[in-house]
Amino acid sequence: MSGCEHKISGSREKIWLPYYFEGRERGLKPHPYCIECGLIKNLSSEKPRSIGYFMNIIAELGNRHKIAQIQTRLIALEMERLALDDKFGMDRMQQEDLFVEITTRILNIPARAVYELLD
Ligand SMILES: [Zn+2]
């Protein structure tokens with residue numbers, strides 16, 4: 001859980017970490033981080049998704065599998081608890097992996113059923 005507003009570190013205070021571009025590691029780059037919670041800013045080229053995007057995927061899953069309303073609610077709560085929409089620290093790949101983990105766990109469906117809906 002984040003809940004942090006994220007205050008970014010100054011330009012001199014950065015952490016050197018691997019940088020990913022199009023899913024590949026492209027050497028090290030200085031990453032800014034949050035001075036409140038320590039979360040490191042994601043510098044991936046792929047922009048993170050909104051919660052709305054993932055809610056649409058759940059609706060689409062509901063057309064293909066039997067999903068109870070409480071399960072949709074549980075998934076939404078899990079996404080909130082794990083700060084899936086924290087665009088400061090999450091890149092798209094991390095979000096998708098987390099989303100697949102949550103949905104397969106709660107809905108008891110295979111991971112490929114979820115991955116095939118993500119573009
Ligand atoms: Zn923070």
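What share of the 119 residues in the protein chain do buried residues make up? Keep that question in mind as we start with the whole chain and then move in for closer views.

**Figure 1. The whole chain, seen in a predicted model.** Let's answer the opening question: buried residues account for 34% of the 119 residues in the protein chain. The secondary structure comes to 4 helices and 2 strands, and along the sequence they follow the pattern β-β-α-α-α-α. Taken along the principal axes, the C-alpha atoms fill a box of roughly 50 × 30 × 20 Å. Among contacts with a separation of 6 or more, 55% are between residues 24 or more positions apart.

**Figure 2. Helix 1 and its two faces.** Helix 1 runs through residues 51-64, which makes 14 residues. From its first C-alpha to its last, helix 1 reaches 20 Å, close to the 20 Å expected at 1.5 Å a residue. Look for Tyr-53, Phe-54, Ile-57, Ile-58 and Leu-61, which are buried. Why are these residues on the same side of helix 1? Because they cover an arc of only 145° around the axis. On the face turned away from that buried side, you can find the exposed residues Asn-56 and Asn-63.

**Figure 3. What the buried residues of helix 1 pack against.** Three other helices meet the buried residues of helix 1 here. They are helix 2 (69-81), helix 3 (92-107) and helix 4 (111-115).

**Figure 4. A closer look at Gln-95 in helix 3.** Is Gln-95 buried or exposed? Gln-95 has a relative accessible area of 0%, and the cut-off for buried is under 20%, so Gln-95 counts as buried. Leaving aside neighbours within four places in sequence, Gln-95 is in contact with Pro-48, Arg-49, Phe-54, Leu-84, Asp-85 and Met-90. You have already met one of these partners, Phe-54, among the buried residues of helix 1. Another partner, Leu-84, is 11 residues from Gln-95 in sequence, and their C-alpha atoms are 6.0 Å apart in space.

**Figure 5. The largest pocket and its lining.** About 450 Å³ of space lies in this pocket. Of the 27 residues that line the pocket, the closest to its centre are Asn-42, Gly-89, Met-90, Asp-91 and Gln-94. Which elements give two or more residues to the lining? They are strand 1 (15-21) and helix 3. Sorted by class, the lining has 12 nonpolar, 8 polar and 7 charged residues. Met-90, one of the residues closest to the pocket centre, is also a contact of Gln-95.

Key. Residues numbered from 1 in each chain as written. Predicted model: local features only at pLDDT ≥ 70, side-chain atom pairs only at ≥ 80, totals over all residues. Heavy atoms only, no water. Expected span 1.5 Å × (residues − 1). Buried < 20%, exposed > 50% of the residue type's maximum accessible area, 1.4 Å probe, protein only. Arc of directions from axis to C-beta. Contact = heavy atoms within 4.5 Å. 1 Å grid on protein atoms, 1.4 Å probe; cavity = no way out; pocket = protein on both sides within 12 Å on 5 of 7 lines; lining within 4 Å. Points joined across faces, edges and corners; volume = space filled by probe spheres on them. Nonpolar A, V, L, I, M, F, W, Y, C, P; charged D, E, K, R; others polar.
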